[in-house]
Amino acid sequence: MAKKLFIKTYGCQMNVYDSARMADVLAPLGYAPAADVEGADMVVLNTCHIREKAAEKVFSELGRLNAVKRARAETGGRLTIAVAGCVAQAEGEEIRRRAPYVDIVVGPQAYHRLPELVARATRAAGAVLDTDFPPESKFDHLPAATAASGPSAFLTVQEGCDKFCAFCVVPYTRGAEYSRPVAAVLAEARHLVGAGAREITLLGQNVNAYHGAHGKTEWGLARLIAALAEIDGLARIRYTTSHPVDMDEALIAAHARVPALMPYLHLPVQSGSDAVLRRMNRGYTAADYRRVVERLYAARPDLALSSDFIVGHPGEDAAGFAQTCDLVRDVGYAQAYSFKYSPRPGTPAAAWPDQVDDAAKAERLAILQDLVEDGQRRFNAPFAGRIVPVLFDRVGRRPSQLAGRTPHLQAIHVDLDDDGAAARLFGTIAPVAVTAAHVNSLAGRIAAAGSVTDDVANGIDAAHRAPRAAPEAVLR
Ligand code: SAH
Ligand code: SF4
Ligand code: F3S
């Protein structure tokens, strides 16, 4: 009998990828996707533990699910509740205690065991828990990814982390660093392209530390990207998240040499203060990071750089924060995410005595976010009037509207002449004349009919550091 599955995803892109794979592994058991909790027989919360707020969300959502489960039981129905992801890994026992109505608790390395866990949960009373780091890799036991991922697909190539930054839970929730073999990655990429993906984003907590087995040797990320670029029909390649220490020469050179590698890089720095970086155990100084940035800009002058920042990490004083602001101004980020430091149980920094008070964190966050917004505005402004290739990967608010991404990962909304045009263009890359540049997105209209040239598809015409005028004839 057909059953329905609803997965709610929190946290990073790796969780988005994992959610899709959980759906794949449960499909043979008869689970088809549901649109919401109401229509589902089983709900999976794929959770994130990175900051306190993210983790607390899970418990309030569980309260709501329990109400649905109880109402269902009164009419003889059933709702299976599963908690997956990083909260499941870090707080499995706590979930059992605070939310005893949860049926399954499964950590990120055990998703291939979900069918068995579901079977056990139907027999057992109380939660079935699997937060092992199994000796076998889940990647070897998950079915091939399905076609459901669309024009822009995620592909996890690396997982886990051995860097142990003082503030971070990831090494504890995701386990040791692991790279998937080259052959498995290439096979999955070909499968995704065959199913309609034009863009693949390679994922990993430290994706540029990738060192996948290839026969008796190992390939780094640059070599993997070069091989992926050979796949017919794959127009765009991205990768995230990178660590500054692992940004090697070959990967920097790939940004100059591989046209399919998009001119966007998320390279979190966290802080511009050497004292704070040392406390964080990041393994580089602000000057090291600046040097990496200069080499990247030399390889790809129009590169859009993005970062993560933590304000109010233990040991950050006003002068240290000012150094972060200086770095933001100097690098010229196209976009960035900033967070107040959140003490995470079990991490070293949470136990340090020199915690920064919340008022200072809030003040610094507001200042930093203003700076980042300025940068975004400066990055986006020169795009107005230019023609950029857009991969249309999302439907718009109206049927005659589409949304997509530029090579520099700007979100762009395009109004089309009719609903038919939207259906035709979805999943393709088309040239778009940018009519307006906002802080967080662009707006535009289709610039020319017909197929897109390789140059346009690969973003050759958009260089923010040396803005060029868009051809008048095409703009009209
Ligand atoms: N591997 C990536 C980061 C992954 S976590 C890297 O090393 O850059 C994503 C982001 O969450 C981090 O870059 C950091 O900015 C933020 N983050 C992690 N732990 C945090 C904490 N305890 N408090 C606030 N922000 C945190
Ligand atoms: Fe966390 Fe640091 Fe590893 Fe990034 S490198 S996942 S911040 S421990
Ligand atoms: Fe969150 Fe786990 Fe990703 S803690 S950011 S879901 S690796």
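Trainee: Which residues surround ligand 2, and how many of that shell are nonpolar?

Mentor: This is a predicted model, in which local features need pLDDT of at least 70, side-chain atom pairs count only at pLDDT 80 or more, and totals for chains, interfaces and linings use all residues. Residues are numbered from 1 along each chain as written, ligands are numbered from 1 in the order written, and side-chain values use heavy atoms without hydrogens or water. With one heavy atom within 4 Å as the criterion, ligand 2 is surrounded by Cys161, Lys163, Phe164, Cys165, Phe167, Cys168, Val170, Pro171, Asn206, His243 and Arg282. Counting Ala, Val, Leu, Ile, Met, Phe, Trp, Tyr, Cys and Pro as nonpolar, Asp, Glu, Lys and Arg as charged, and the others, Gly among them, as polar, the shell has two polar, two charged and seven nonpolar residues.

Trainee: Over what arc around the axis do the buried residues of H7 lie?

Mentor: In helix H7, residues 221-228 (a DSSP run of H or I, at least four residues, as against at least two of E for a strand), the residues Leu221, Ala222, Leu224, Ile225 and Leu228 are buried, that is, under 20% relative accessible area with a 1.4 Å probe and protein chains only. They lie on the same side of H7, because the arc, taken from the directions from the helix axis to the C-beta atoms, is only 160°.

Trainee: At what angle do the axes of H8 and H10 cross?

Mentor: Glu249, Ile252, His255 and Ala256 in H8 meet Arg295, Leu296 and Ala299 in H10, with contact meaning heavy atoms within 4.5 Å. The axes, lines fitted to C-alpha atoms over the stretch in contact, with angles from 0 to 180 degrees between N-to-C directions, come within 7 Å and cross at roughly 35°.

Technical notes
Buried < 20%, exposed > 50% of the residue type's maximum accessible area, 1.4 Å probe, protein only.
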